[in-house]
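Please look at the sequence and the model together before reading on. The paragraphs that follow move from one helix to the next and then to a place beyond them.

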Amino acid sequence: GGEFLISDLKTYTRVGHLELVPQPGGDVCAKRPPRMAYSYLRAACGGDADKLASQLLPTLSEAERNVVAQLIERKVNSPMTSSVGRLFDAASALLGICYKNTYHAQAPMELEAKAFEATDEQGFYPVSPHNNGAGRFVVPARYVIKALAADFVGGTSAEVCAARFHNSVARFVLDMCKRIRDNTAQDEVALQTVALSGGVFANAFLVERLVPLLEAEGFEVLLNAEVPAGDGGTCLGQAAVAAAQLSDR
């Protein structure tokens, strides 16, 4: 997840992604957002992670934190992930919005609902993607989480922090698209079309802020309309790719 691709129906190149962070316990994190929040805090804040976790993650006991820390340090059952969903889970838990996903994407959905309570908020947490030296751009999303935690601890409301978090995601997606376009400017056909897909783009708050930013920079934006943006559209995409590849045979 969290990927930026240059693609057509037959081929693709992965040119960017969110930075990789440990997902301690694997799929357990999809049900327990505080675990992902703690993983991000460790990546972002180092020695201050436990202090912040004790303040912001009351449902993550010290005993469970110790277990999670050992999983991460020993690299046991802690696959590295660039998932946007896990980033939203972490933000939702840190703001005290959702500590348990009892249904798919509950924490991100409740985070979105909270952001709509501060719909006029324009602030965001700056983060600069970088080239990893292997030809890919990487978004160091840990710094968004670090700024979010500091903002919330400093007394900013959960509603405003949630809106700023969404604005931050919109900003770094815009930044990545511009960098990718600039990096391929020498190509015969300039990259001007951005297809926004994946479950995160079922988030109306995010889409309403991102699309105008992209269009203001001259991008044509494609969104899902008749096919779900999330996993429900995957099978159709697979069929379309298979048909395109078979047409060459």
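At the start of H4, which backbone nitrogen does a side-chain oxygen of Ser83 reach? In this predicted model, the side-chain oxygen of Ser83 comes to within 3.1 Å of the backbone nitrogen of Gly85, at the start of H4. Helix H4 itself spans residues 84-94, and because 10 of its 11 residues are buried, it is largely enclosed by the rest of the structure. The buried residues of H4 include Val84, Leu87, Phe88 and Leu94, but also Arg86 and Asp89, as well as Ser92. Beyond the helix, H4 is followed by Gly96, for which phi is positive, near 70 degrees.

Helix H1 can be approached through one of its residues, Ser39, which is found in this helix of residues 33-45. Is Ser39 buried or exposed? Its relative accessibility is 2%, and Ser39 therefore counts as buried, the cut-off for that class being under 20%. A polar atom of the Ser39 side chain lies 2.7 Å from the backbone oxygen of Pro22. Pro22 appears again among the residues that Ser39 contacts once its neighbours within four places in sequence are left aside, together with Pro24 and Ile72.

Ile72 leads on to helix H3, since Ser39 of H1 and Ile72 of H3 both belong to the contact between these two helices. H1 and H3, the latter made of residues 62-74, pack at an angle of about 60 degrees with their axes 11 Å apart, which means that H1 is oblique to H3. Their crossing is right-handed. On the H1 side the contact is made by Arg35, Tyr38, Ser39 and Arg42, while H3 contributes Glu64, Arg65, Val68, Ala69, Leu71, Ile72 and Glu73. Divided by class, the contact of H1 with H3 holds 5 nonpolar, 1 polar and 5 charged residues.

H1 also packs against H2, and here the two axes come within 9 Å and cross at roughly 145 degrees, in a crossing that is right-handed. Tyr38, Leu41, Arg42 and Cys45 in H1 meet Ala49, Asp50, Leu52 and Ala53 in H2. This contact of H1 with H2 has 6 nonpolar residues, no polar ones and 2 charged ones. Tyr38 and Arg42 of H1 thus take part in the contact with H2, and these two residues are also listed in the contact with H3. As a general point, an α-helix has 3.6 residues a turn, so residues three or four places apart point the same way.

From H2 the path continues to helix H6. H2, which covers residues 49-56, and H6, which covers residues 142-153, pack at an angle of about 55 degrees with their axes 12 Å apart, and H2 is therefore oblique to H6. H2 passes H6 in a left-handed crossing. Leu52, Gln55 and Leu56 of H2 make this contact with Ala149, Phe152 and Val153 of H6, and the residues involved divide into 5 nonpolar, 1 polar and no charged. Leu52 is thus in the contact of H2 with H6 and also among the H2 residues that H1 meets.

The last stop is Asp248, placed in the segment after helix H9 (234-246). With a relative accessibility of 55%, Asp248 counts as exposed. Where Asp248 and Lys10 are compared, 238 residues separate them in sequence, whereas their C-alpha atoms are 9.7 Å apart in space.

How values were computed:
Residues numbered from 1 in each chain as written. Predicted model: local features only at pLDDT ≥ 70, side-chain atom pairs only at ≥ 80, totals over all residues. Heavy atoms only, no water. Helix = DSSP H or I, 4+ residues; strand = E, 2+ residues; numbered from the N terminus. Buried < 20%, exposed > 50% of the residue type's maximum accessible area, 1.4 Å probe, protein only. Polar contact = N/O pair within 3.5 Å; in protein donor to acceptor, adjacent residues only side chain to side chain. Contact = heavy atoms within 4.5 Å. Axes fitted to C-alpha atoms, helices over the stretch in contact; angles between N-to-C directions. Parallel < 35°, antiparallel > 145°, perpendicular 65-115°, else oblique. Left-handed = near helix turned anticlockwise from the far one by under 90°. Nonpolar A, V, L, I, M, F, W, Y, C, P; charged D, E, K, R; others polar.
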